[in-house]
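Visitor: I have a structure open and want to learn how to read it. Where do we begin?

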Amino acid sequence: MPKGLPFQVKKMIFSPVPTIADKNTASISRRVGCGIFIATWMYLAGCDLLGAQKSNLMTNWWSLRPIAAQAVPEGDEELYHPIDRFLSKERHAQGLETVGPADKLTLLRRVYLDLTGLPPSPAEQQAFLGNTSVDAFEQIVDQLLDSEQHAVRYARHWLDVLRYADTDSRMTAAPGIHLWRDWIINALNEDLPYDDFVQIQLTGRRANERTRMSATGYRSEREPRPGDMFALGFLARGGGKGENAENLAINAVDTISSAFMGMTVACAKCHDHMFDPVSEIDYYSMKALFDPLVLRKVTLADAATLMEAGKVRAETEKARAPLEKKRTDLLAPYKQRLYNERVAMLPPDVRAVILKSEKERSVEEQKIADDYFPILRIDGGKINAILPDDIQKQSRKLEKELDEVNESLRSAPQIPVFYTVEIDPVREQEKSYILTSADPSRPELKNEVKAGWPFFDGEVDFREGRIEAFADWLTAPENPLFARVAVNRMWQWHFGWGLHKQSSDFGKQAGLPSHPALLDWLALEFVKSGYSMKYMHRLMVTSDAYRMKSDIPPAFAASQKIDPNNIFLWHFRLQRLGAEPIWDTIHLAAGRLDLKIGGRSFTPDGDDSSQRRGVYITRGFATNRDVTPQFLQTFDVDDGRVPCPIRTQTVTAPQSLFLMNSPEVESASARLASRVRKETANDLKQAIELTYRLTVARPPSTTEQNLAFDYLEGDAERLNHLAWLIFNLDEFIYVR
């Protein structure tokens, strides 16, 4: 299916309240309840229930209109950068003055932490100070964007939006999910065009590499590029454990619409969207795109590893068999007694079903037996409660022997696996329905839906596949949401806020962008660049707006009064570092940060070994334990259960307590002091300067140098206390 489909906006249609003849009772209750709520809201808002005014407004809503070409405003000659021309025009209209550029080392630390998540080394600081060429800063930007550490930094941003988690009690794909994270890092490292970045995560292929034609005129599916299978971890991450296979499709719709469309389509799960032109039918039509998907487990080991693992397992099972039989025979009478007691307590009709053999049961009876299986299952704890003492001793002895046999499995080669997704031909032929209250077990069989998606009317060519057709529409240059949402996210990551503040909600409730002309100009530039994310990063950080200082001198009190929230960017926004750059900077200063790319996630254990970058710290959710380490939680890292468009930036006591009392900071302080003593030969003045440069990327002021020198009292051993003090400065965890 070719890219560039015409983009049309659907009008909001409010379905009439159903009658008893139309719907089942549960559906009536749901629809009528929602209808009453919507009617009340409309009344309070002064709108008619039919929503004519709302429909007209949403048809012309800014984010759904085609992106209009924007001429770069005329401006002063010194404002050569297009971004600054746009901003200057709006600041002038507001009567705002800019605070001026940041000093060189402040700017250097800012751009290093922004683009790589790592501070500049003392040598890099000196080199930048000594570079007097007019494009010295642009040279640094190019160097950072070419660094593989840039991809590590920006992968973390995307992983938040795409709800990456290493572990989730509802996720089947946890084994090997880190390979999806590593694919994202590699994609950003090679500057994979953004449309391909999205296409591959949805389909496993680039749009122009799906099929091929043989010399005889036979068209067949093209083999995916090596490694691109791991991009499908994005969809596999949504596959839940248990019987609800439809959760995979539901999670796909919710995440894709939020991440790539910037629309809260998920609000239409149970009723038509109250604000945006998304009906309940739209939601379940989009879900139908993904309904045929199922998880597929892929073994990644080579043949020799598989053979060796199979040999060890066979030997283990052979050794287990006599022990398991002996234990089964020992416990059988007691299990049967408990089972019979439970069966006797069942209702007569259910008991009659349970007492039949499986071959004698009808399909309906087998369903009843399956439903009662958890009740009748005899767990180990229950059986142990009724065992005589001598039988318990024999059972424990056999359990111990079985555990010893199982130990041999630990010596077997580990079999790496990855969960991908594929189309199930059987599910592809099944119908899709609206779900009552979004419950997969309650399909509305009278409300069938066809595959489709919101904001597009017309005939869709599904010959290459449902998801492929949607992906082509989504990534088409004519789609006004696709590029706008992406460049707004990038702006948010550089400047703290997006040009549209709600970066995952471009709908009616989220309001209007602060700089619509600039947003559209950036979106078109993104398309013209071939969707190069590195090009957009460079464009944004080389602007004067990015290079301004964050301090507000007293002379700018008038500007502060006019624009206290800095909507018009007359100074740079002070930003607190995220958890990962804080972690990385601490361990980099201590000389123990491992910069290796890729691999399994790790859980910090507080020991003195080398540490990996923060992006590789395990995160996730489980009902019975903390998966996300306390350090990440303290600095506002989400656990990946839902998309995180922007992290909260709190200021809390636990953050200070971590920097003051944690084993990680104590160990890093000691290591940093040892490093400084070694590199300066215990020259205290040089040691003080190096400590500042390694932590806050600048030399100390004269006052700071004198205070630190007096504090050390001539004792180089006190440098670990000085390191601890600087780790606890506000400046250490904030970007100016």
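**Helix contacts and a pocket**

Guide: Start with two helices that touch. Ile256, Phe260 and Met261 of α11 meet Phe470, Trp473 and Leu474 of α19. Keep in mind that this is a predicted model.

Visitor: How does the contact of α11 with α19 divide by class?

Guide: Sort its residues into nonpolar, polar and charged. This contact has six nonpolar residues, no polar ones and no charged ones.

Visitor: At what angle do the axes of α11 and α19 cross?

Guide: Look along each helix from its N end to its C end. The axes of α11, residues 246–261, and α19 cross at roughly 20° and come within 12 Å. Angles under 35 degrees count as roughly parallel, so α11 is roughly parallel to α19. The crossing in which α11 passes α19 is right-handed.

Visitor: How do the axes of α11 and α20 cross?

Guide: Read the angle again. Helix α20 covers residues 480–495, and its axis crosses that of α11 at roughly 75°. The two axes come within 8 Å. The range for roughly perpendicular is 65 to 115 degrees, so α11 is roughly perpendicular to α20.

Visitor: Which residues make that contact?

Guide: From α11 come Ser258, Ala259, Phe260 and Met261. From α20 come Leu481, Phe482, Val485 and Arg489. By class, the contact of α11 with α20 has six nonpolar residues, one polar and one charged.

Visitor: Now α9 and α19. Are they roughly parallel or antiparallel to each other?

Guide: Take the angle, then the cut-off. The axes of α9 and α19 cross at roughly 165° and come within 10 Å. Over 145 degrees counts as roughly antiparallel, so α9 and α19 are roughly antiparallel. Their crossing is right-handed.

Visitor: Which residues of α9 and α19 make the contact?

Guide: α9 gives Asp195, Val198, Gln199, Leu202 and Thr203. α19 gives Ile467, Glu468, Phe470, Ala471, Asp472, Leu474 and Thr475. The contact of α9 with α19 has six nonpolar, three polar and three charged residues.

Visitor: Next, pockets. What volume does the largest pocket have?

Guide: Begin with volume, then turn to the lining. The largest pocket has a volume of about 830 Å³. It is lined by 33 residues, and the closest to its centre are Thr203, Arg205, Glu221, Ile423 and Glu468.

Visitor: Which elements give two or more residues to that lining?

Guide: They are α9 (194–203), β3 (219–221), β4 (293–299), β5 (417–423) and α19 (466–475). The largest share, four residues, comes from β5.

Visitor: And how do the residues of the lining divide?

Guide: Use the classes again. The lining of the largest pocket has 13 nonpolar, six polar and 14 charged residues.

Definitions and conventions
Residues are numbered from 1 along each chain as its sequence is written. This is a predicted model: local features need pLDDT of at least 70, side-chain atom pairs count only at pLDDT 80 or more; totals for chains, interfaces and linings use all residues. Side-chain values use heavy atoms; hydrogens and water are left out. On a 1 Å grid over the protein atoms alone, a cavity is a set of points where a 1.4 Å probe fits but cannot get out, and a pocket is an open set with protein on both sides within 12 Å along at least five of seven lines; lining residues have an atom within 4 Å of a point. Grid points are joined across faces, edges and corners, and a volume is the space filled by probe spheres set on the points. Ala, Val, Leu, Ile, Met, Phe, Trp, Tyr, Cys and Pro count as nonpolar, Asp, Glu, Lys and Arg as charged, and the others, Gly among them, as polar. Axes are lines fitted to C-alpha atoms, for helices over the stretch in contact, and angles run from 0 to 180 degrees between N-to-C directions. A crossing is left-handed if the near helix is turned anticlockwise from the far one by less than a right angle, and right-handed if clockwise. Contact means heavy atoms within 4.5 Å.
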